[in-house]
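Here's a quick briefing to read alongside the picture. Have a look at the sequence and the structure, then work through the points below.

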Amino acid sequence: MTTALTQGLERIPDQIGYLVISEEGVLASAGELENDEHTAGVIMQMVRTACRFRLHGAAEPLFKRMSVMFEDYVYAVTISGQKVFVVKRQNNQREPVIV
Amino acid sequence: ATCSFKMVCGILVKPLIPDPNLNKIPTNGSDRNADSLPSNRTDEQALLTTILQRTALNIIDVSAVDSQGMEQHEYMDRARQYSTKLDVLSRTLSQKKPVPLPSLSSQPHQVLAADLVSYADVQQVSKIAAYAYSAISQIKVDAKEELVVQFAIP
């Protein structure tokens, strides 16, 4: 089961780590997020909070993916089948240079 | 809960705003020319008035009380009643299950592999957040009355 969950995550371009989290805890982790329960905990809280935002009492959450952006990297987060998927990706975007 | 509180303490509610049916609040001395205001200004006033009215209805002004004494045994009975009620409620509360996680996508890998948020978007969001922070930090309370008063206990 872990392979099915993580295979897709492994192949994500410029990923440097990932987590798969359920209500019970971390199901899988790799790369820079290997065994990172602290980050898992924080991200769970963040995504739960984000899910509570509803426009005018709409039934569905507003978003497909939550991105936590830092200077050089991004945590991309989504939820599917009662599991939270987190992937840490490199963020190489800079201010566009006008030539 | 407001009703029970009134019974226990024998409080007469004195509304903070004299006329709860008042549908206009004074707007710092300016004339009441609601007709000539643009509609979203009037909506905003109406919204503020509603909030004010609701607050006034929910507040019990304990400083404006002529407290009538309660017999010791009445007080003990009432306290016991409430204690029982609280026990029942706290039992129900602890049984509440956490909200299940919603599903955001049926293709999590695809969603996570998609293009990252653009630099331009991040800049825009940061700017908006900065404006919001600035606006919020300018909110202040303009206290017209004493906020802390003596609660008269016989």
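## Where the two chains meet

Put chain B and chain A together and about 2,300 Å² of area gets buried between them, with carbon and sulfur atoms giving 65% of that. Keep in mind that this is a predicted model. Its scores are ipTM 0.88 and pTM 0.59.

**The interface, piece by piece**

- Area is a handy yardstick here, because the size of an interface is often given as the accessible area lost when the parts come together.
- Chain A brings 34 residues to the contact, and chain B brings 20.
- Which three residues of chain B supply more of the area it buries against chain A than any other three? They're Leu101(B), Leu104(B) and Leu112(B), and their share is 36%.
- On the side of chain B that touches chain A, the elements giving two or more residues are α4 (108–113) and α5 of chain B.
- Of these, α4(B) provides the largest share of that side, with five residues.

**Polar links and salt bridges**

- Across the interface of chain B and chain A, eleven residue pairs are in polar contact, both partners being at pLDDT 80 or more.
- How many salt bridges run between chain B and chain A? The count is zero.
- Over all chains, though, the structure holds five salt bridges.
- One of the salt bridges pairs Asp14(A) with Arg89(A), whose closest N and O atoms sit 3.2 Å apart.
- That pair links distant parts of the chain, 75 residues apart: Asp14(A) lies in the loop between α1 (2–10) and β1 (15–21) of chain A, while Arg89(A) is in strand β5 (residues 83–90) of chain A.

**A greasy spot on chain A**

- Phe53(A), Leu55(A) and Leu62(A) make a nonpolar surface patch of about 340 Å².
- Looking for Leu62(A)? You'll find it in the loop between α2 (37–51) and β3 (66–69) of chain A.

**How far to trust chain B**

- The average pLDDT of chain B is 76, and 71% of its residues score at least 70.
- Among the elements of chain B, helix α5 (residues 119–137) has the highest mean pLDDT, 95, and helix α1 (residues 2–9) the lowest, 37.
- Residues 1–20 of chain B have pLDDT below 50, and this stretch has 26 contacts in the model beyond near neighbours in sequence.
- Residues 22–36 of chain B also stay under 50, with ten contacts beyond four places in sequence.
- Where pLDDT is low, the predicted coordinates shouldn't be read in detail.

Terms used: Residues are numbered from 1 along each chain as its sequence is written. Chains are lettered from A and ligands numbered from 1 in the order in which they are written. This is a predicted model: local features need pLDDT of at least 70, side-chain atom pairs count only at pLDDT 80 or more; totals for chains, interfaces and linings use all residues. Side-chain values use heavy atoms; hydrogens and water are left out. pLDDT is the predictor's confidence in each residue, from 0 to 100. Helices (H or I, at least four residues) and strands (E, at least two) are DSSP runs, numbered from the N terminus. Contact means heavy atoms within 4.5 Å. Patches are made of residues with over 30% relative accessible area and no salt bridge: like charges are joined within 9 Å, nonpolar side chains (Val, Leu, Ile, Met, Phe, Trp, Tyr) within 5 Å. Accessible areas come from the Shrake-Rupley method with a 1.4 Å probe; for residues, only the protein chains shown count as cover. A salt bridge is a side-chain nitrogen of Lys or Arg within 4 Å of a carboxyl oxygen of Asp or Glu. Buried area is the accessible area (1.4 Å probe) that two parts lose on being put together, summed over both. A polar contact is a pair of N or O atoms within 3.5 Å; within protein, one must be able to donate a hydrogen and the other to accept it, and residues adjacent in sequence count only if both atoms are side-chain atoms.
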